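Here is a report on side-chain contacts and exposure. Please keep the sequence and the structure in view while reading.

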Amino acid sequence: MTDDGTSIKNHPVVSHEDWMSARTAFLAREKEFTRLGDELSRQRRELPWEAVTKSYLFDGPKGKQTLPELFDGRSQLIAYHFMFHPEDTAVCPHCSLRADNFNGIITHLNQRDVTMIVVSRAPYSKLAAYQKRMGWTFKWVSSNDTDFNFDYHVSFTPEEFAQKRAFYNFKIQDPKAPEREGHSIFYKDASGAVFHTYSCYDRGNDMLNLHYHYLDMVPKGRDEGNRGPFWVRGRDEYGR
């Protein structure tokens with residue numbers, strides 16, 4: 001996703017005609033990638049579902065609500081698992097960056113029968129305080145009194161974290177943190193039954209990281225070397 005800077009210093013510079021020829025040839029590959037992405041999305045939607053039979057009670061701006069109530073009258077629900085442990089005093093900057101990406105689009109999702117919420121284990125008072133600081137308007141609820149985060153494999157017991165062995169991103173591995181990021185998708189049918197349709201974690205979230213789609217287009221790319229997203233801060237923390 002990046003290099004040592006050599007390609008920037010010694011990058012070929014050509015005439016407009018040659019630039020247009022190279023760009024047009026590459027467009028064919030981009031179109032092929034787009035069509036493959038469309039097919040992958042279709043196959044994703046065709047994956048089997050599992051029924052959600054366990055009851056969960058979340059705490060949020062409307063008080064206590066069940067999972068079916070969080071759909072807010074719609075049939076589809078996106079839950080972003082925001083890393084925020086109950087004992088955390090600092091918030092995950094990477095989750096904050098994602099939240100900056102999706103905060104403004106939820107009204108548009110609503111028009112397509114989709115509700116989007118954010119779920120964390122920290123108590124709602126902590127969530128509300130940080131949300132006010134950042135100026136976000138999405139619905140953020142606490143799952144602290146439930147097994148929700150553990151059942152959807154984004155929270156880990158102290159023993160799992162100490163042993164560096166937990167089920168995350170569909171395999172047993174070192175989770176690297178007591179809380180991890182991810183998205184889970186749910187559907188509610190006309191009878192009120194709820195189904196878990198999809199989840200993604202770790203780099204599976206890349207397709208939803210708008211900032212990386214832009215960075216992947218600029219000459220330096222993500223410019224992270226082997227360090228990963230070391231540079232990310234809360235948007236009000238840069239320059240401190």
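Is Glu30 buried or partly exposed? Glu30 is partly exposed, because its relative accessible area is 31%. The model is a predicted one.

## Salt bridges

The whole structure contains 17 salt bridges. One of them joins the side chains of Glu30 and Arg23, with N and O 2.9 Å apart. Arg23 has a relative accessible area of 32%, so it too is partly exposed.

Asp72 pairs with Arg74. Their closest N and O atoms are 3.6 Å apart, which fits the limit of 4 Å for a salt bridge. Asp72 is partly exposed, at 43% relative accessible area.

## A link across the sequence

Arg133 and Asp236 also meet through their side chains in a salt bridge, at 2.9 Å from N to O. Arg133 belongs to helix H5, while Asp236 sits in the segment after helix H8 (210-215), so this salt bridge ties together parts that are 103 residues apart in sequence. Both ends are partly exposed: Arg133 has 41% relative accessibility, and Asp236 has 30%.

Helix H5 spans residues 124-134 and also holds Leu127. Leu127 is buried, because its relative accessible area is 0%. The C-alpha atom of Leu127 lies 6.9 Å from that of Trp140, although 13 residues separate the two along the chain.

## Aromatic cluster

Trp140 is also a member of an aromatic cluster. Its other members are Tyr80, Phe82, Phe84, Phe102, Tyr130, Trp136 and Phe138. The count of aromatic pairs comes to 22. The ring centres of Tyr130 and Trp136 are 5.6 Å apart and their planes meet at 70°, so this pair is edge-to-face. The centres fall within the 6.5 Å limit for a pair, and the angle is over the 60 degrees needed for edge-to-face. Tyr130 and Trp136 are both buried.

## Arginines over rings

Arg222 lies over the face of Tyr212, 3.9 Å from the ring centre. Arg222 also takes part in a network of salt bridges with Arg203, Asp206 and Asp216. Arg222 therefore appears in two settings: over an aromatic face and in a charged network.

Arg227 is placed over the face of Phe230. The distance to the ring centre is 3.7 Å there.

## Cysteines

How many disulfides does the structure hold? The number is 0. The closest cysteine sulfur to that of Cys92 is in Cys95, at 3.7 Å, which is too far for a bond. A disulfide needs the two sulfur atoms within 2.5 Å. Cys92 is buried, because its relative accessibility is 10%.

Cys95 also holds the closest cysteine sulfur to that of Cys200. The distance is 12 Å, so this pair is again too far for a bond. With a relative accessible area of 4%, Cys200 counts as buried.

## Nonpolar surface patch

Which residues make the nonpolar surface patch? Val14, Trp19 and Met20 make it, with an area of about 300 Å². Met20 has its place in helix H2, residues 16-45. Met20 counts as partly exposed, because its relative accessibility is 37%. That value is over the 30% that a patch residue needs.

How values were computed:
Residues are numbered from 1 along each chain as its sequence is written. This is a predicted model: local features need pLDDT of at least 70, side-chain atom pairs count only at pLDDT 80 or more; totals for chains, interfaces and linings use all residues. Side-chain values use heavy atoms; hydrogens and water are left out. Patches are made of residues with over 30% relative accessible area and no salt bridge: like charges are joined within 9 Å, nonpolar side chains (Val, Leu, Ile, Met, Phe, Trp, Tyr) within 5 Å. Accessible areas come from the Shrake-Rupley method with a 1.4 Å probe; for residues, only the protein chains shown count as cover. Helices (H or I, at least four residues) and strands (E, at least two) are DSSP runs, numbered from the N terminus. Buried means under 20% relative accessible area, exposed over 50%, partly exposed in between (1.4 Å probe, protein chains only). Rings of Phe, Tyr and Trp (its six-membered ring) pair if their centres lie within 6.5 Å; planes under 30 degrees apart count as stacked, over 60 as edge-to-face and the rest as tilted. A charge sits over a ring if NZ of Lys or CZ of Arg is within 6 Å of the ring centre and within 35 degrees of the ring normal.
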